[in-house]
Amino acid sequence: GQCAVHCPVGAIYEAHGSRKIWDRLADPEVTTVVQIAPAVRVALGEEFGLEPGALSTKKIYTALRQIGFNYVFDTNFSADLTIMEEGTELIGRLLEGKGEIPLFTSCCPAWVDYAEKNCHDLLPHVSSAKSPQQMMGAMIKTYWAEKAKIDPAKIFSVSVMPCTAKKYECKRDESMNSSGFQDVDSVLTTRELARFIKQAGIDFNSLAESEADNPLGPYTGAGTIFGATGGVMEAALRTAYAVITGSELGDINFVPARGLQDVKEATVNVKGKDLRIAVVHQLGNVAAVVDAVRASKAKGGEPLYHFIEVMACRGGCVSGGGQPYGADDEVRAKRATGLYTDDTKSEIRVSHKNPYVQQVYTEYLGKPNSEKAHHLLHTHYVKRPLYK
Ligand code: SF4
């Protein structure tokens, strides 16, 4: 609260924030739930001596339960949900003229903040889909609370993120309270979770593995690659291709989107039409792409790109501001490889085939981009001054 705004000493804020969470965990009146982001599972282990990229998902679930969380969910599930919403939005814009092209992704709050301050002319191009963190928050206090018969007023919802900007995102505007409560109550970074585990005296490396809770836990390979630059693009293409053509991509590995090159470009042929995509990461590389889009709009005719993924951190969330310190490109690549391994090992690798995502639509949301989905899973952007 106050400390976050006024106190330049991160340690004091972190200590303050963690006391609040320990208090909620100890309160028998409160149901505590937690979600973990894709990139956490390939980096947290570094705090306990594991190699960068080592997958420790199922030990993290166990650690969270031992810390005292009542339910453990996975942001990878809501990454699949994001693909359904954002993919449908992309298809609507491409085929039905429902909005501006190119479409920019919106799951990185640091990019959204940059766009609201620096790209007023391009805000209609930014996807209205909320980020996976916020979609999960909304689903926990509505769909899941109803299903589990728990009063949402008594749910304390925590997320573990590779990202410091996510602490700002959960309070960004009133659409982050779509459940009638603040959808995500508190955000811990990967480093902070490591400290929780140490404070609780848990021997991380000897933990047994466990599974996340249903139905907001199980995820596909497409959900897990969100944590690496190009991953959202690849996951979206897998689903958009299937929805537009009615058949699955022969090879679902979309290699041109991967890797640490500053700006990645590719063309994908979808039903005889060329879809031009770009992936940019590290905020310093974004202005050039934005300027190229502006120039192409001014010129008119065919758009330069149809779909653009933007991540503020180099390498994407695998080296976000909340991850274990000391990432260089070698570490970034290893963490990304961990996520691609998680993808390859997944039985289901496309978001639209996640049976629990399908269940959310049949039981609750209707279909992607429905009115209810818009209320809970979408946001809007405002023009903000650079300084105020
Ligand atoms: Fe956060 Fe960086 Fe990921 Fe953006 S790219 S969501 S700032 S960790």
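This passage describes two sheets of a predicted model, the helices that lie across them, and several buried residues.

The first of the sheets is open and consists of four strands in the order β2-β1-β4-β5, with parallel pairing. Its edges are formed by β2 (71–74) and β5 (186–189), each of which pairs on one side only, and neighbouring strands of this sheet are turned against each other by 25° on average, direction ignored. Strand β1, which comprises residues 31–36, runs parallel to β2 and is joined to β2 by four bridges; within this pairing, Ile36 has Asp74 of β2 as its bridge partner. Helix α6 lies across β1, β2, β4 (155–161) and β5, and runs at about 155° to β4.

Helix α6 (residues 132–148) also packs against helix α4 (residues 75–96), the two axes coming within 8 Å and crossing at roughly 100°. As angles of 65 to 115 degrees count as roughly perpendicular, α4 and α6 are therefore roughly perpendicular to each other. On the side of α4, the contact involves Thr75, Phe77, Ser78, Ala79, Leu81, Thr82 and Glu85, which meet Pro132, Gln133, Met135, Met136 and Met139 of α6. Of the residues of this contact, seven are nonpolar, four are polar and one is charged.

Helix α8 (residues 190–199) contains Glu192, a residue that counts as buried because its relative accessibility is 5%, the limit for burial being under 20%. Two polar partners of the Glu192 side chain can be described. The side chain of Lys167 is joined to that of Glu192 by a polar contact of 2.8 Å, while the backbone nitrogen of Thr189 lies 2.7 Å from a polar side-chain atom of Glu192.

Burial on the scale of a whole helix is seen in α3 (residues 57–67), where eight of the 11 residues are buried, so that this helix is largely enclosed by the rest of the structure. The buried residues of α3 are Thr57, Lys59, Ile60, Tyr61, Thr62, Ala63, Leu64 and Ile67. The helix is followed by Gly68, which has a positive phi near 125°.

The second sheet is likewise open and has four strands, here in the order β3-β8-β7-β6 and with mixed pairing. The edge strands are β3 (103–104) and β6, each of them pairing on one side only. Strand β6 (residues 263–270) presents a covered face made up of Lys264, Ala266, Val268 and Val270, and an uncovered face made up of Val263, Glu265, Thr267 and Asn269. Eight bridges pair β6 with strand β7 (residues 273–281) in the antiparallel sense, and Thr267, from the uncovered face of β6, stands opposite Arg276 in β7. The hairpin of β6 and β7 has two residues between the strands, and Lys271 takes a positive phi near 50° there. By contrast with this antiparallel pairing, β7 pairs with strand β8 (residues 307–311) in the parallel sense, over five bridges, with Glu309 of β8 as the bridge partner of Val279. Helix α11 (residues 286–299) lies across β3, β6, β7 and β8, running at about 155° to β8.

Strand β7 also contains His281, which is buried, with a relative accessible area of 0%. A polar atom of the His281 side chain lies 2.9 Å from the backbone oxygen of Gln261, and the side chain of His281 further reaches the backbone nitrogen of Gly315 at 2.8 Å. When neighbours within four places in sequence are left aside, the residues in contact with His281 are Thr229, Gly259, Leu260, Gln261, Asp262, Lys264, Met311, Cys313, Arg314, Gly315 and Gly316. Among these contacts of His281 is Lys264, which belongs to the covered face of β6.

A further buried residue is Asp342, located in helix α12 (residues 329–345) and having a relative accessible area of 9%. Although Asp342 and Leu55 are 287 residues apart in sequence, their C-alpha atoms are 7.6 Å apart in space. Beyond its neighbours within four places in sequence, Asp342 is in contact with Arg41, Leu55, Asn76, Tyr219 and Thr224. With one of these residues, Tyr219, Asp342 forms a polar contact of 2.8 Å between side chains.

Notes
Residues are numbered from 1 along each chain as its sequence is written. This is a predicted model: local features need pLDDT of at least 70, side-chain atom pairs count only at pLDDT 80 or more; totals for chains, interfaces and linings use all residues. Side-chain values use heavy atoms; hydrogens and water are left out. Axes are lines fitted to C-alpha atoms, for helices over the stretch in contact, and angles run from 0 to 180 degrees between N-to-C directions. Angles under 35 degrees count as roughly parallel, over 145 as roughly antiparallel, 65 to 115 as roughly perpendicular and the rest as oblique. Contact means heavy atoms within 4.5 Å. Ala, Val, Leu, Ile, Met, Phe, Trp, Tyr, Cys and Pro count as nonpolar, Asp, Glu, Lys and Arg as charged, and the others, Gly among them, as polar. Two strands pair if DSSP finds at least two bridges between them. Buried means under 20% relative accessible area, exposed over 50%, partly exposed in between (1.4 Å probe, protein chains only). A polar contact is a pair of N or O atoms within 3.5 Å; within protein, one must be able to donate a hydrogen and the other to accept it, and residues adjacent in sequence count only if both atoms are side-chain atoms.
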